[in-house]
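Here are a few notes to help you find your way around. Have a look at the structure first, then read on.

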Amino acid sequence: MDKNWDAVFKKRLKAVYEELKWLYMELYQNNQEAFDYFCQMLYKAYQDRSKELRMMDEARGAVSDWFAGNEMLGMLMYTNCFAGNLKGVRKHLDYLEECGVNYLHLMPLLESPAGRSDGGYAVSDFRKVQPGLGTMKDLADLAADCHQRGMSVCLDFVMNHTSEDHEWAQRARGGEKEFQDRYFFFDNWDIPNQFERTVPQVFPETAPGNFSWCQEAGKVVMTTFYPYQWDLNYRNPTVFNDMTENMLFLCNQGVDIIRLDAVPYIWKTLGTSCRNLHEVHNLVRIMRIAAEVVCPGTLLLGEVVMEPSKVTPYFGSVDKPECHMLYNVTTMASTWHTVATHDVRLLKHQLGTVFALPKEYVFLNYLRCHDDIGWGLDYDFLSQFGISEVAHKKYLNDYLTGKWYGSDARGELYNDDPRLGDARLCGTTASLSGIEAAEYEGNEEKLERAIRLDLMLHAFLLTQSGIPVLYSGDEIGQKNDYTYHDDPEKCQDSRYLHRGNLDWKSVKLRKKKKSRENRLFEGIGQLTKLRTEHRVFDHMADCWILETYNDHILGIGRYYRGEKMLALFNFGLNDETAWINEAEEYRNMLTGEVLEAKAVGVPAGDFVWLLTNMLS
């Protein structure tokens, strides 16, 4: 440890030094030179951190769970779709404050090649913003403005791969061994073919296989996702050192939350699935340590789109934590399953699993995101009801694309594979809830029903512990954008169906009474305000499944410091009764009505929030 280092830095590093060195040396065969470089790199990143960001680190350090309070509300957006560029986002921060948003997730905005970017996930320069979106200074200025308003900024860090246009890839293509060693290059197909025996394909229809032929180098290169995304070789310490430095560079621009994209994929071992290997957890733990030494006010968000048993290990342990937050992916998929089946049994089962986890685990909850809905459900559980996987996926897709008789949902399929019946689904929350169909038909009764369902789904989102994240446009019920079909760069990817530009004319209608935009904006606003005001929504609250004795009504109980809440959600097509029998007197949180929690009626596609103070 260098005696000339700053005292604060030395204190932070000393607290984790032995573990850091042990983990690093185990991964990189006792490479002392690489480890020394890593520590020097951490100190340089620490020195580059601004006074303002260091002050914020200190303030956040005083409250370790500052990010998990019931006042948190996130919004996910594409910068260009929301406001054209980063300066445009700054101009609309007042609107985000009006929405109650204090957690802003900007989708990938680093430099990537047009037409070969996978929505920004093929980064050609980790130190530059896509020119059409602005500059790195614009990002830093936006972050500073957000911090002044009490908002946090989240940014994707694409760590599994780079674009084939990245400088490293270009030099590898030119034959420089040093840079070929940063990827996975092979002289022939022998070893790649061995990998293919055990490694699943991510996009078997649109990008089959895990390897591509590089004509310029005359070699095979690993490309797990798309041919233009070259997998990085984290067995090479230079890759890990430089990528960690890139991450800390973004933190020093004011980024508060680093979303580790596709993190389960980053370590490759022949003869395995190359997913969730134990070395991945060692790498993430080191990245957590690096952040705590350099920028302890920064959080790591793991993108682990898998079943709960594979997701939760990325939290690490109490004494050796990894990610601060993870996505609640399975609940999102189970929610739309429940919309289509009107049967809450799977959702009860899924939530029961989540509620049993330690309260310290912070999940990001969401109804929709930039990606498709994949039907990775618990089919072992569903099989007891006579449900088979392929047939059920077809039913869900038929219902949510409006092909099923009586369905008002309007979605589109993604990566349809008729042979395997494994298509996924796209669509905005509003269109999947029936708003698009109702407005197209001019049917006010259908529209009322669809808006009620949309609000019920948001109430369910806000009832869960963790951080609720809205998808930009959902606050006003933005519908599907079919114009992507006419764009040659987008038409092959149906995910652009729900990635349309925010309609600011529609946003203005949020103030017009009885408009769809007004009903949703004010309805969601009322719910988020109640969530902020009541401690029962705290992430440390006790949560349980409330038995309703009705397969159409989901019941959730919450208790924290004297406040007890009963939340009832009717996913059925008819008015139903929740056959509960609670002793206390309750108040309807939305209407103020005082009532007993006994045999509570819940209208079709609607919800009830009941609250009592057990200390009064």
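Is Tyr43 buried or exposed?

1. Tyr43 is buried, with a relative accessible area of 11%. Please keep in mind that this is a predicted model. The cut-off for calling a residue buried is under 20%, so Tyr43 qualifies.

2. Tyr43 has a partner in helix α2: Tyr46 lies three residues away, about one turn of the helix. Their rings form a stacked aromatic pair, with 6.1 Å from centre to centre and 25° between the planes. Tyr46 is also buried, at a relative accessible area of 4%.

3. Helix α2 takes part in another ring contact, too. Tyr24 and Phe38 make a tilted aromatic pair, 5.4 Å centre to centre with 45° between the planes. Because Tyr24 belongs to helix α1 (residues 7–27) and Phe38 to helix α2 (residues 32–48), this pair ties together parts that are 14 residues apart in sequence. Both Tyr24 and Phe38 are buried.

4. You can follow these rings further: ring pairs join Tyr24 and Phe38 with Tyr17, Tyr28, Phe35, Tyr234 and Phe240 in a cluster. Across the whole structure, a search finds 38 aromatic pairs.

5. Two arginines are worth a look as well. Arg345 lies over the face of Phe385, 4.0 Å from the ring centre. Arg510 has its charged end over the ring of Phe521, at 5.7 Å from the centre of that ring.

6. Finally, turn to helix α12, residues 278–294. From first C-alpha to last, its 17 residues reach 25 Å, close to the expected 24 Å. Of those 17 residues, 15 are buried, so α12 is largely enclosed by the rest of the structure.

Technical notes. Residues numbered from 1 in each chain as written. Predicted model: local features only at pLDDT ≥ 70, side-chain atom pairs only at ≥ 80, totals over all residues. Heavy atoms only, no water. Helix = DSSP H or I, 4+ residues; strand = E, 2+ residues; numbered from the N terminus. Expected span 1.5 Å × (residues − 1). Buried < 20%, exposed > 50% of the residue type's maximum accessible area, 1.4 Å probe, protein only. Phe/Tyr/Trp six-rings, centres within 6.5 Å; stacked < 30°, edge-to-face > 60°. Lys NZ or Arg CZ within 6 Å of the ring centre and 35° of its normal.
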